[in-house]
Amino acid sequence: PIKPTPGEFIASGSEEMPLLGPQNYARYAPFIAAVRRVDAKTLVAFYRGMQPLFQEAYEDLGHPNDQFNARLIEVVDHLLKTPDVSSPVRLVRPSVRYRYADPALESLSSGQKLLIRMGPENAAVIKAKLREIRVALG
C-alpha cells in the first residue's frame, strides 16, 4: 500500500479564485529526496532481475497477452509528456475536492495531475529521474 502524502492540501488565493498553494510542494520533500538518491542504472538492473515476477503479476491482473515492460515504458513516456506548468495554478471547487480550473489540466491522467500538484521544481526532479530510467530501460 502507498501512504498518502503527509499533511493537508492547502489552497491559496481567495475563495472565489483558489490557487494551488505553493505550501503543498514541501509535502513532497521526503519523496523527492528519495528519488534524488536512487541510481537509475541500479534501479533498472534490479527491475530486470525481477522482471519475470512483474510479468507474471501483470498477466495475473488480466493482461495475459501483453508485456509489462512495454507498459512500463509507455507509462514513463506518458509521464514525461506532462506539461510544465508554472505557478499559480487556478483551481475550482465544485464539491468537496478541488479540481484544476483549466480543462486541459483537469483532463490529464492522475499521474500527470500528481506531477503538477507537486510543483514545478519537484516535477522537474521526477521527470529528470524518469528520463534517466527511460534511457536505462532502452
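## Packing around helix 5

The buried residues of helix 5 pack against strand 2 (18-20), helix 1 (29-37), helix 3 (68-80), strand 4 (99-100), helix 4 (103-106) and helix 6, where contact means heavy atoms within 4.5 Å. Helices here are DSSP runs of H or I with at least four residues, and strands are runs of E with at least two, both numbered from the N terminus. This is a predicted model, in which local features need pLDDT of at least 70 and side-chain atom pairs count only at pLDDT 80 or more, while totals for chains, interfaces and linings use all residues. Residues are numbered from 1 along each chain as its sequence is written, and side-chain values use heavy atoms, with hydrogens and water left out.

Helix 5 covers residues 110-118, and its buried members are Q112, K113, L115, I116 and M118; a residue is called buried under 20% relative accessible area, exposed over 50%, and partly exposed in between, with a 1.4 Å probe and protein chains only. Just after this helix, G119 takes a positive phi of about 100 degrees.

## K113 and the salt-bridge network

K113 lies in helix 5 and counts as buried, with a relative accessibility of 17%. Not counting residues up to four places away in sequence, K113 touches Y100, L105, E106 and L108. K113 and V89 are 24 residues apart in sequence, and their C-alpha atoms are 11 Å apart in space.

The contact between K113 and E106 includes a salt bridge, with the closest N and O atoms 2.9 Å apart; the term stands for a side-chain nitrogen of Lys or Arg within 4 Å of a carboxyl oxygen of Asp or Glu. E106 also meets R99 in a salt bridge, at 3.7 Å from N to O, and R99, E106 and K113 are thereby linked in a network of salt bridges. The members of this network include the buried K113, E106, which is partly exposed at a relative accessible area of 22%, and R99, which is partly exposed at 42%.

## Helix 6 and its contact with helix 1

The structure holds 6 salt bridges, and one of them joins E132 to K129, with the closest N and O atoms 3.5 Å apart. Both residues lie in helix 6 (residues 120-137), where they are 3 residues apart, about one turn of the helix. K129 counts as buried at 12% relative accessibility, whereas E132 counts as partly exposed at 39%.

K129 is also among the residues that touch V35, which, leaving aside its neighbours within four places in sequence, is in contact with V125, I126 and K129. V35 lies in helix 1 and is buried, with a relative accessible area of 12%. The C-alpha atoms of V35 and L130 are separated by 9.7 Å, although the two residues are 95 residues apart along the chain.

## Charge on the surface

A negative surface patch is formed by E56, E59, D60 and D66. Patches are made of residues with over 30% relative accessible area and no salt bridge, like charges being joined within 9 Å and nonpolar side chains (Val, Leu, Ile, Met, Phe, Trp, Tyr) within 5 Å. Within this patch, E56 has its place in helix 2 (residues 40-60) and counts as partly exposed, at 45% relative accessibility.

Over the whole protein there are 18 positive and 15 negative side chains, and the centres of the two sets lie 4 Å apart. In this count Lys and Arg are positive and Asp and Glu negative, with His and the chain ends not counted, and the place of a charge is taken as NZ of Lys, CZ of Arg, CG of Asp or CD of Glu.

## Overall architecture

The secondary structure of the protein comes to 6 helices and 4 strands, and from the N terminus on the elements run β-β-α-α-α-β-β-α-α-α. The C-alpha trace spans about 50 × 30 × 25 Å along its principal axes. Of the 138 residues of the protein, 30% count as buried.

Among contacts between residues at least 6 apart in sequence, 56% join residues at least 24 apart. The protein exposes about 9200 Å², of which carbon and sulfur atoms supply 59%; accessible areas come from the Shrake-Rupley method with a 1.4 Å probe, and for residues only the protein chains shown count as cover.
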